Structures are given as structure tokens and as C-alpha cells.
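Subject: Handover of a protein structure

Dear colleague,

Please find below the structure that I am handing over to you. A summary of what was found in it follows.

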Amino acid sequence: KKQLAEKNTASIILYSGGNTDDDDETKNVGGQTPAQKVFEYVLLFFSYTIQFLGVAFSFGIILNICGYVYSFNLEQGLVIDTIQNVRLERQFEREIQRTDRTTGDDDQK
């Protein structure tokens, strides 16, 4: 068992030895160049953004399956309501716009 442990230790030492050239000018003390760090932070931000959007869309699908709908605007923020109420509200808004257009045509004649 001792010889097996020594072989494993030796292989780990050889594997983790890496490049030991001290005169390499491209070697960075921190291990990463500033460009690599920026790229890593951009990837991290992108990863969190994609995960957040995935959760938001999953939440929306679950709401739709349960009969609800959500909308977001800057005036009211996040609004969650039943699909039937939102359809009625949009129908009223379209009817108001249609009557405004027709009364606007009558005023011009």
C-alpha cells in the first residue's frame, strides 16, 4: 500500500508541476490577465442574466397554465391578473381607440 501511495503522490506532483520557467515574460502573478478577468466577469453576468430570464419565463408559463397573465410596464410595475380580465380590458381599450378614430373622421368632414 505504501508503494501505491507513493506512486499516486508522484503522479500528482508531476501533474501539478506545470511550467516552472521563471523567465517567462507573459506569466502573470495573479494567474489571469486583466482581459481574462473582464471576460470572466462578462460571462458571469451573462450566465446570471440567462438564469434570471429562464426563471421569469418559467414563472410566466406556470401563471398561464393556472389561468393568469402578467404584464410589466414602468407606470404600474408588475401586474398579475386573470386572462379573462386582461382580455376584457384590452377589448375596451380597442373599442375606445376605434371610437376615437371614427369621431376624429367626423370632426374633419
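In this message, helices and strands are runs assigned by DSSP, at least four residues long for a helix (H or I) and at least two for a strand (E), and they are numbered from the N terminus. Please note that the model is a predicted one. In these terms, G67 comes just after α2 and takes a positive phi of about 95°.

Overall architecture

The protein contains three helices and two strands, and their order along the sequence is α-α-β-β-α. Of its 109 residues, 4% are buried. The exposed area of the protein is about 10,500 Å², of which carbon and sulfur atoms supply 59%.

Helix α2 covers residues 34-65, which is 32 residues. From its first C-alpha to its last it reaches 47 Å, close to the 46 Å expected at 1.5 Å a residue.

The two strands

Strand β1 spans residues 68-73, and strand β2 spans residues 77-82. The two pair in the antiparallel sense over six bridges, and a hairpin of three residues joins β1 to β2. Two of the facing positions may help you to find your way in the model. F72 has L78 in β2 as its bridge partner, while S71 stands opposite V79 in β2.

S71 itself belongs to β1. Once its neighbours within four places in sequence are set aside, S71 is in contact with G77, L78 and V79. S71 is also eleven residues from G60 along the chain, and the C-alpha atoms of these two residues are separated by 9.6 Å. Is S71 buried or exposed? Its relative accessible area is 35%; because buried means under 20% and exposed over 50%, S71 falls in between and counts as partly exposed.

The nonpolar patch

Which residues make the nonpolar surface patch? The patch, of about 1,300 Å², is formed by F46, I50, F52, L53, F57, F59, Y68, Y70, F72, L74, L78 and I80. At least two of its residues come from each of α2, β1 and β2. The element that gives the most is α2, with six residues.

I50 is one of the patch residues, and its place is in helix α2. Patch residues need over 30% relative accessible area; I50 passes that cut-off because its relative accessibility is 45%, which makes it partly exposed. F72 and L78, the bridge partners named above, are also among the residues of this patch.

The salt bridge

A search of the whole structure finds one salt bridge. It is formed by E95 and R98, whose closest N and O atoms are 2.5 Å apart. Both residues lie in helix α3, residues 83-108, and they are three residues apart, about one turn of the helix. An α-helix has 3.6 residues a turn, so residues three or four places apart point the same way. Side chains of opposite charge can pair when their charged atoms come close.

The two partners can also be described by their accessibility. E95 is partly exposed, at a relative accessible area of 36%. R98 is likewise partly exposed, with 41% relative accessibility.

Yours sincerely

Conventions
Residues are numbered from 1 along each chain as its sequence is written. This is a predicted model: local features need pLDDT of at least 70, side-chain atom pairs count only at pLDDT 80 or more; totals for chains, interfaces and linings use all residues. Side-chain values use heavy atoms; hydrogens and water are left out. Buried means under 20% relative accessible area, exposed over 50%, partly exposed in between (1.4 Å probe, protein chains only). Accessible areas come from the Shrake-Rupley method with a 1.4 Å probe; for residues, only the protein chains shown count as cover. Contact means heavy atoms within 4.5 Å. The expected span of a helix is 1.5 Å times one less than its number of residues. A salt bridge is a side-chain nitrogen of Lys or Arg within 4 Å of a carboxyl oxygen of Asp or Glu. Two strands pair if DSSP finds at least two bridges between them. Patches are made of residues with over 30% relative accessible area and no salt bridge: like charges are joined within 9 Å, nonpolar side chains (Val, Leu, Ile, Met, Phe, Trp, Tyr) within 5 Å.
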